[in-house]
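Subject: A structure for you to explore

Hello! Here is the structure I promised to pass on to you. Have a look through it at your own pace, and then read my notes underneath.

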Amino acid sequence: MRNVFLATLMSVALVAGTSAAALAQTSGTTAQESQRIHGSVVGVQGNTLTFKTDDGRTLAVDVSKVDPAVRSALTPNEKATIIGAPGQANRFTAQYVQQDSSDPSRGGAVVGQSGATTDQAWQRIHGTVASVSGNTLTLKTDAGQTLDVDMAQVDPGIRSALTTGEGVTVIGLYRGADKKTVDARFIQQDSGRGAASPKTTK
């Protein structure tokens, strides 16, 4: 009986240890999700993008989840931002890739917008989130205006992360001459400046 009892205790301890290890691994994975890195394209071969980050690291990036049209448009030496999850040994799995040339927040222009009029030019508007309802964000701008922001083109993960009272920067186009509604293309949370937030091209 003593041996059976000891064997049972060892089995319980082993299961508990395995569960704890699995939980720790899951927590580590969660903490590593949705990181943003900026750097330069070295080259693309199949579903692997070789990428040199601004801090000098060279990463092998799995871009199999990125739109094939975006992958094929990447060229050596161009600057880009990648959002995804880091792996082991300088590996990274990309969910989105945004080229600087098509990122208004980095001085680029979205295709088809280079000849826009003043009213249609890309706007960068900073303010505070008054409320969020579905795809509509009510923004109180730093100038005291209240704008309705259509977030239909913004990444769902970013939309769901927005909270009332936080500061954000909206990049998009005014809809209509009254300039009371903005069609957003990017939203940058103040809490993620230099690290997270605008939607990228998938």
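Below is what turned up, going from the whole chain to single residues.

Please keep in mind that this is a predicted model.

**The whole protein**

Let's begin with the overall make-up. The protein has three helices and ten strands. If you follow the chain from the N terminus, the elements come in the order α-β-β-β-α-β-β-β-β-β-α-β-β. The protein is 202 residues long, and 34% of these residues count as buried. About 11,500 Å² of the protein is exposed, with carbon and sulfur atoms supplying 52% of that area.

How much of the contact is between residues far apart in sequence? Among contacts with a separation of 6 or more, 50% are between residues 24 or more positions apart.

**The barrel that starts with E1**

Try tracing the strands in the order E1-E2-E3-E5-E4: these five strands close into a barrel, and their pairing is mixed. From one strand to the next, the twist averages 55 degrees.

A good place to look is where strand E1, residues 35–45, meets E4. These two run antiparallel and are paired over six bridges. To find the spot on screen, pick glutamine 35, whose bridge partner in E4 is glycine 84.

Strand E4 covers residues 79–86 and includes threonine 81. Is threonine 81 buried or exposed? Its relative accessibility is 1%, so threonine 81 counts as buried. Beyond its neighbours within four places in sequence, threonine 81 is in contact with several residues, including Arg36, Ile37 and His38, as well as Tyr96, Val97 and Arg106.

**The barrel that starts with E6**

There is another barrel to trace. Five strands form this closed barrel in the order E6-E7-E8-E10-E9, and the pairing is mixed. Ignoring direction, neighbouring strands of this sheet are turned by 55 degrees against each other on average.

Here are the pairings to look for:

- Strand E9 (residues 167–175) and strand E10 (residues 181–189) run antiparallel and are joined by eight bridges. Valine 168 has glutamine 189 in E10 as its bridge partner.
- Strand E6 (residues 123–133) is antiparallel to E9, with six bridges between them. Here glutamine 123 stands opposite glycine 172 in E9.
- E6 also pairs with strand E7 (residues 136–141), in the antiparallel sense and over six bridges. Glycine 127 has threonine 141 in E7 as its bridge partner.

What do E6 and E7 form together? They make a hairpin with two residues between the strands, and glycine 134 in the turn has a positive phi of about 65 degrees.

**Some single residues**

Next, find threonine 163, which lies in the loop between helix H3 (156–161) and E9. With a relative accessible area of 44%, threonine 163 is partly exposed. Along the chain, threonine 163 and alanine 130 are 33 residues apart, and their C-alpha atoms are separated by 8.6 Å.

Finally, a look at the aromatic rings. How many aromatic pairs does the structure hold? The count is zero. There is, however, a charge over a ring: the charged end of arginine 185 sits over the ring of phenylalanine 186, 4.9 Å from the ring centre.

Happy exploring, and do write back with your questions!

Key. Residues numbered from 1 in each chain as written. Predicted model: local features only at pLDDT ≥ 70, side-chain atom pairs only at ≥ 80, totals over all residues. Heavy atoms only, no water. Helix = DSSP H or I, 4+ residues; strand = E, 2+ residues; numbered from the N terminus. Buried < 20%, exposed > 50% of the residue type's maximum accessible area, 1.4 Å probe, protein only. Contact = heavy atoms within 4.5 Å. Areas by Shrake-Rupley, 256 points an atom, 1.4 Å probe, with all protein chains shown as cover. Pairing = 2+ DSSP bridges. Axes fitted to C-alpha atoms, helices over the stretch in contact; angles between N-to-C directions. Phe/Tyr/Trp six-rings, centres within 6.5 Å; stacked < 30°, edge-to-face > 60°. Lys NZ or Arg CZ within 6 Å of the ring centre and 35° of its normal.
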